[in-house]
Amino acid sequence: MAGDDSWDDDIPYDEVEVDDDESVNFAVRLVDVSRNYTIGNREISALRNVNLEIRPGEFVAVSGPSGSGKTTLLNVIGAIDYVTSGTVFVMDVTIGDYDESFRATFRLANTGFIFQNYNLVSTLTALENVMFPMQLTDRPIKELEEDALALLKLVKLDERADHLPWQLSAGEQQRVAIARALANDPPIILADEPTANLDAVSAEMVRDILRKAHRDGKAVITMTHDEKIVNTKGAKQFRMENGVLTQDV
Ligand SMILES: Nc1ncnc2c1ncn2[C@@H]1O[C@H](COP(=O)(O)OP(=O)(O)OP(=O)(O)O)[C@@H](O)[C@H]1O
Ligand SMILES: [Mg+2]
């Protein structure tokens, strides 16, 4: 699909999906990526010439102070935000070349996003939130419900399937958000401070799920200060400072 600029909004979901097979060189590749925001007459450089190469199945942990650009980096990789300059490849596709319709579909098929603030849809139940990314498939609703329930079971919340977000604790909401991120079995998981604000038990559960996603062959990219995540076996560690990304050696 890369390089094809005659993108048709009606192309079905299956044709958008990019599998994490051997034909994919990089799950994520950033080349000289900068992201500036202008507020009034003030320019903020949230990302400064970031270069990053992540292979399928790699575990990457980025830490750095508040305001250093970590969420911006994830948003750019997740095609939630645009870059000011440079190129972002996700599963070898230059997502910046495409319109929002493609980006939305591509995002749902390839990236599971765990947000810093959970971002559950407040009017949907836990089960419906998990089913949300499955909206582009034409599989029967019953099957989707079964899949979503299995994911809730994985995060030990199947008994809370019909609860709304406000009826769940912070840790439970984060686990629903993780189940949602796994919904389309995407090759890439993006997790923004996934254990911040969680109690010890919920945090360990979240770490376990991320490790399992890694074992299952997914690329896991997480912004975190959690030493137990940073020190995950085989993890590549990076530091973000004032928009500049460097790899720890
Ligand atoms: N939409 C936006 N508009 C303007 N400025 C923004 C926007 N998003 C982020 N910024 C700015 O970009 C910089 C990086 O923000 P970002 O949220 O990426 O930092 P962070 O490392 O995730 O911080 P934290 O650890 O507090 O979550 C900050 O100075 C922030 O104010
Ligand atoms: Mg952040």
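Thr87 touches Val31, Thr94 and Gly96, not counting residues up to four places away in sequence. The model is predicted. Thr87 lies in strand β4, residues 85-90. From Thr87 to Met223 the C-alpha distance is 21 Å, across 136 residues of sequence. Below are the sheet around β4, the shell of ligand 1, helix α2, strand β8, the nonpolar core and a second hairpin.

**Thr87 and the open sheet**

- Thr87 is partly exposed, with 14 other C-beta atoms within 10 Å. The count falls short of the 20 that a buried residue needs and is above the 12 of an exposed one, so Thr87 sits in the class between.
- The sheet is open and has four strands, in the order β2-β1-β4-β5. Its pairing is antiparallel.
- β2 and β5 (93-94) are the edge strands, and each pairs on one side only.
- β1 and β2 run antiparallel and are joined by nine bridges.
- Two bridge pairs can be picked out. Val28 has Ile54 in β2 as its bridge partner, and Tyr37 stands opposite Ile44 in β2.
- β1 and β2 form a hairpin with two residues between the strands. Gly40 takes a positive phi near 60° in this hairpin.

**The shell around ligand 1**

- Which of the 13 residues around ligand 1 come nearest? They are Tyr37, Ser66, Lys70, Thr71 and Thr72.
- Three elements give two or more residues to the shell: β1 (28-39), β2 (42-54) and α2 (70-77).
- The largest share comes from α2, with three residues.
- By character, the shell around ligand 1 holds eight polar residues, four nonpolar ones and one charged residue.
- Tyr37 thus has two entries here: it is among the residues that come nearest to ligand 1, and it stands opposite Ile44 in β2.

**Helix α2 and its flanks**

- Is α2 largely enclosed or largely open? Seven of its eight residues are buried, so the rest of the structure largely encloses α2.
- The buried residues of α2 are Lys70, Thr72, Leu73, Leu74, Asn75, Val76 and Ile77.
- Lys70 and Thr72 are buried and also among the residues nearest to ligand 1.
- Gly67 sits in the loop between β3 and α2.
- Gly67 is partly exposed: 13 other C-beta atoms lie within 10 Å. That is above the limit of 12 for an exposed residue, so Gly67 falls in the partly exposed class.
- Gly67 and Asn129 lie 29 Å apart, C-alpha to C-alpha, with a sequence separation of 62 residues.
- Just after α2, Ala79 takes a positive phi of about 60°.

**Strand β8 and its partners**

- β8 spans residues 219-223 and is mostly covered, with five of its five residues buried.
- In a regular strand the side chains alternate between the two faces of the sheet.
- One side of β8 carries Ala219, Ile221 and Met223, the other Val220 and Thr222. These residues are all buried, so both faces of β8 are covered.
- β3 (residues 59-63) runs parallel to β8, with four bridges between them. Val60 stands opposite Ile221 in β8.
- β7 (residues 188-192) also runs parallel to β8, joined by five bridges. Ala191 stands opposite Thr222 in β8.
- β7, helix α7 (residues 200-215) and β8 make up a right-handed β-α-β unit.

**The nonpolar core**

- The largest nonpolar core has 68 residues.
- Which residues of this core touch the most other members? Val28 and Val130 do.
- Val28 also belongs to the β1-β2 pairing, with Ile54 as its bridge partner.
- Val130 is in contact with Ala148, Leu151, Leu152, Val176, Ala179, Arg180 and Ala183, leaving aside neighbours within four places in sequence.

**The hairpin of β9 and β10**

- β9 (residues 236-241) and β10 (residues 244-247) pair in the antiparallel sense over four bridges.
- Met240 has Leu245 in β10 as its bridge partner.
- Two residues lie between the strands of this hairpin. Asn242 takes a positive phi near 50° there.

Definitions and conventions. Residues numbered from 1 in each chain as written. Chains lettered and ligands numbered in written order. Predicted model: local features only at pLDDT ≥ 70, side-chain atom pairs only at ≥ 80, totals over all residues. Near = placed C-beta within 6 Å. Nonpolar A, V, L, I, M, F, W, Y, C, P; charged D, E, K, R; others polar. Pairing = 2+ DSSP bridges. Right-handed = clockwise from strand over helix to strand, strands pointing away. Core = buried A, V, L, I, M, F, W, Y, C linked by C-beta atoms within 7 Å. Contact = placed C-beta atoms within 7 Å.
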